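Q: I would like a close look at a single part of this model, followed by an account of how that part sits in the rest of the chain. Please keep to what can be read from the atoms.

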Amino acid sequence: MKTILSTIMRNAWKFFRTTGEAFAECLKKAWKLYHLTEKMKKGIVKFYFQKVDGSIREAWGTLKADLIPASESSDSNRKQNDTVQVYYDTEVQAFRSFKKLNLV
């Protein structure tokens, strides 16, 4: 439980420093992100995020290992980026990502 709360608080503080929004709003976004990732670990989830161009994208994604084809694997040599959330897009059948701040 401690690591869950520290992850949520870490994200909330990053959102706060980046946007300058009220900390309560940043905390709500951090919890929303946490709940989304937990649901994606259990199955396919429909969610929305704002793209860089400002449009809203509907996505169907998962993080559940047995729903991701064996031929697909995340590139472990990639540099970690704490500002984006990676997920497996079940419509495109490929890994995608979005900025954590842009989750709707």
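How many bridges join β3 to strand β4, and do the two run parallel or antiparallel?

A: Six bridges join β3 to strand β4 (residues 94-99), and the two strands run antiparallel. The model is a predicted one, in which local features need pLDDT of at least 70 and side-chain atom pairs count only at pLDDT 80 or more, while totals for chains, interfaces and linings use all residues. Residues are numbered from 1 along each chain as its sequence is written, and side-chain values use heavy atoms, with hydrogens and water left out.

Strands here are DSSP runs of E with at least two residues, helices are runs of H or I with at least four, and both are numbered from the N terminus; two strands count as paired if DSSP finds at least two bridges between them. Within the pairing of β3 and β4, Tyr87 stands opposite Arg96 in β4. Four residues lie between the strands of this hairpin, where Gln93 takes a positive phi near 60°. Towards β2 (residues 56-62), β3 (residues 84-89) is joined by two bridges, again antiparallel, and Gly61 has Asp89 in β3 as its bridge partner.

These pairings belong to an open sheet of four strands in the order β1-β2-β3-β4, with antiparallel pairing. Its edge strands are β1 (45-50) and β4, each of which pairs on one side only. On average, neighbouring strands of the sheet are turned by 45° against each other, direction ignored, where axes are lines fitted to C-alpha atoms, for helices over the stretch in contact, and angles run from 0 to 180 degrees between N-to-C directions.

Along the chain from the N terminus, the elements run α-α-β-β-β-β. Helix α2 (residues 23-42) lies across β1, β2, β3 and β4, running at about 145° to β1. In helix α2 is Thr37, which is buried at a relative accessible area of 11%, buried being under 20%, exposed over 50% and partly exposed in between, with a 1.4 Å probe and protein chains only. Apart from its neighbours within four places in sequence, Thr37 is in contact (heavy atoms within 4.5 Å) with Leu63 and Gln85.

Tyr87 appears again in the largest nonpolar core, a group of 16 residues in which Leu36, Met40, Phe47, Phe49, Tyr87, Phe98 and Leu103 have the most contacts inside it; such a core is a set of buried Ala, Val, Leu, Ile, Met, Phe, Trp, Tyr and Cys residues joined through side-chain atoms within 4.5 Å. The elements that give two or more residues to this core are α1 (2-19), α2 and β1, and α2 gives the most, with six residues.

For the chain as a whole, buried residues make up 28% of the 104 residues. Of the contacts between residues at least 6 apart in sequence, 39% join residues at least 24 apart. Along its principal axes, the C-alpha trace spans about 40 × 35 × 25 Å.
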